[in-house]
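Q: Please take a close look at the nonpolar core of this protein. Walk me through what builds it, and then place it in the rest of the model.

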Amino acid sequence: MQKYQNSWNGTGTRPILSGMTIPELEEALAGTPGKAPYRARQIFSRISGGACSFEEMTNLPLPLRKELAEQFRIRGIGAVEKQEDRDGTVKLRLGLPGGAAVETVLLSSGPGERLTACLSTQAGCPVACVFCKTGNTGFLRNLEAWEIVEQVLVLSGLVRGRGKQISHIVVMGMGEPLLNLPALRKALEILCDPRGLGFSKRKITVSTSGIYRSILDMAENGPRTELALSITTAREELRRRLMPGSAKNPLDRIKEALKVYQEKQKRRITLETVLLGGINTTEADARALAHFARGLYTLVNLIPWNPVAELRFDNKPLRKPPAEETGRFRRMLEDLGLEVSIRYRRGRGVCGACGQLGTAPVQGDDAAVAALPLLSYRSTTDSGSQPQ
Ligand code: SF4
C-alpha cells in the first residue's frame, strides 16, 4: 500500500474551492482584488483540470494567485493510500477532516476500455446491510460536496498522465447516496458542468437502497441520472432482515417512486441483487422480483456476493453462491420474462468490489495487490509546489 500525506492535512481552515459551483466561486471571490466573473470560470476550469495549487494557474495574474492562496484552499483531502489489483482496479483510501476515511475505486473494463469512478457519499452507512462491510462498520457522517468531487479529481489525476480519462461514474461506494442528496446533487452539478469535467448524466448511475422520498425529489428536482435500486430480494420480510435500514422504505412505496422517476427520465432502471448463497436465490425470490418489476422497465443485475470473512446472517457465515446456483436463479428470472445480466467482478483482489469497501485485503487466490507506482495525480511531486 502506498501512502501519500498532503502537507495541509488537518491544519487548514481556509475555504475549500473544489466543492464550489461557478456562482459560489464568484461569490467567494467577491472580496478579492482583481476578481471578475470570468476569473471564477477560469479557476473552476483549472480545478476541474487537476490543478492542486494556485501557482499552477498561470493564466491568473501573480498578485491574484498570491491573494487566493492566502484566502482559500483548492482541495481538502488529506492522506491518500492506494492499492491496485491485477485486473486494473485501483482503490484509494482518502483521509478526510475529523478523522473520517472513505474509499473510492477506479474500475477499468479492460485495456483501452472505459474507466469508471465508483464514489462514496457517506463515511460508513446507516442502512447496515448484513452482506456489506461498510454497513457493518456503523455510520459516521455524510460527506460534503467537495469530498465527493475530490474523489473524481484524485482518480482523474491517476489516469491523466497516461492520456486517459474517466468517462463514467457510479455512486455505489460507501454510504447511501440518497440520504445525502443535497451534497450529491451539488457534487454532480459541479462534475457535469461543461466548463469543467462535463460528465454526461447518462453516464452516471446512482445506486440506492430505496429512499423513496429522495427518489421522488430526484424526479422533481434532479439530478436525473441513471438509477439503480439495490433490491437484494423483493420478499419484504427477508429484505428487512438483510437490509435493516431499509425498513422505513417499503417496497410498494419504492416502486411507486420508481414509476414516477421513470416517467420523467424515460430510462431503464437497474434492479441490483446481491446473491447470497442459500438465502435469496429461491423460486419465491424469483417470483417476488418478477412481481416487483411488473410495470417498470428494468434490467436485473445479479451480483454474486463478494466474500467478506466476518459477515454473518442468522449466526451463520454468508457464502458466495456457486455458479450453478447463480445460473439456476438467472434462468428462473428469465423464464419469468425478466432481462438479466450478471455483474463481472472486478477489484476483489483489493477488496474494492461491491460490498467490500472498508475491508483490508486478505491474501489468497483473488488477493494480488500489485507493486505500486507513485501516485501520479498532480501534486507536490509533479509541480514542485505545495498543494494549497
Ligand atoms: S450495501 Fe450500500 S446501502 Fe447497504 S450498507 Fe452497504 S453501502 Fe449501505
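A: A residue counts as buried if 20 or more other C-beta atoms lie within 10 Å of its own. By that rule, 48% of the 388 residues of the protein are buried. Keep in mind that this is a predicted model.

Now the core itself. The largest nonpolar core has 100 residues. Val149, Val152, Ala187 and Leu289 have the most contacts inside it. Helix α4, residues 145–160, gives the largest share of this core, with 9 residues. The core also draws on two domains. At least three of its residues come from domain 1 (2–10 + 18–75), and at least three from domain 2 (80–350).

Look closer at valine 149. Set aside its neighbours within four places in sequence. Valine 149 is then in contact with Ser18, Gly19, Ala187, Ile190 and Leu191.

Next, the wider setting. The protein has 11 helices and 15 strands. Take contacts between residues at least 6 apart in sequence: 70% of them join residues at least 24 apart.

One helix can be checked by length. Helix α10 covers residues 323–335, which is 13 residues. At 1.5 Å a residue it should span 18 Å, and its end C-alpha atoms are 18 Å apart, so the two agree. Glycine 337 follows α10, with a positive phi near 90 degrees.

Last, the ligand. It is surrounded by 13 residues. The closest are Cys125, Val127, Cys129, Cys132 and Gly135. The shell around the ligand divides into 6 nonpolar, 6 polar and 1 charged.

Note on methods
Residues are numbered from 1 along each chain as its sequence is written. This is a predicted model: local features need pLDDT of at least 70, side-chain atom pairs count only at pLDDT 80 or more; totals for chains, interfaces and linings use all residues. A residue is near a molecule or strand if its C-beta atom, placed from the backbone, lies within 6 Å of it. Ala, Val, Leu, Ile, Met, Phe, Trp, Tyr, Cys and Pro count as nonpolar, Asp, Glu, Lys and Arg as charged, and the others, Gly among them, as polar. A nonpolar core is a set of buried Ala, Val, Leu, Ile, Met, Phe, Trp, Tyr and Cys residues joined through C-beta atoms within 7 Å. A residue is buried if 20 or more other C-beta atoms lie within 10 Å of its own, exposed if 12 or fewer, and partly exposed in between; C-beta atoms are placed from the backbone. Helices (H or I, at least four residues) and strands (E, at least two) are DSSP runs, numbered from the N terminus. Domain bounds come from an automatic or database domain assignment. Two residues are in contact if their C-beta atoms, placed from the backbone, lie within 7 Å. The expected span of a helix is 1.5 Å times one less than its number of residues.
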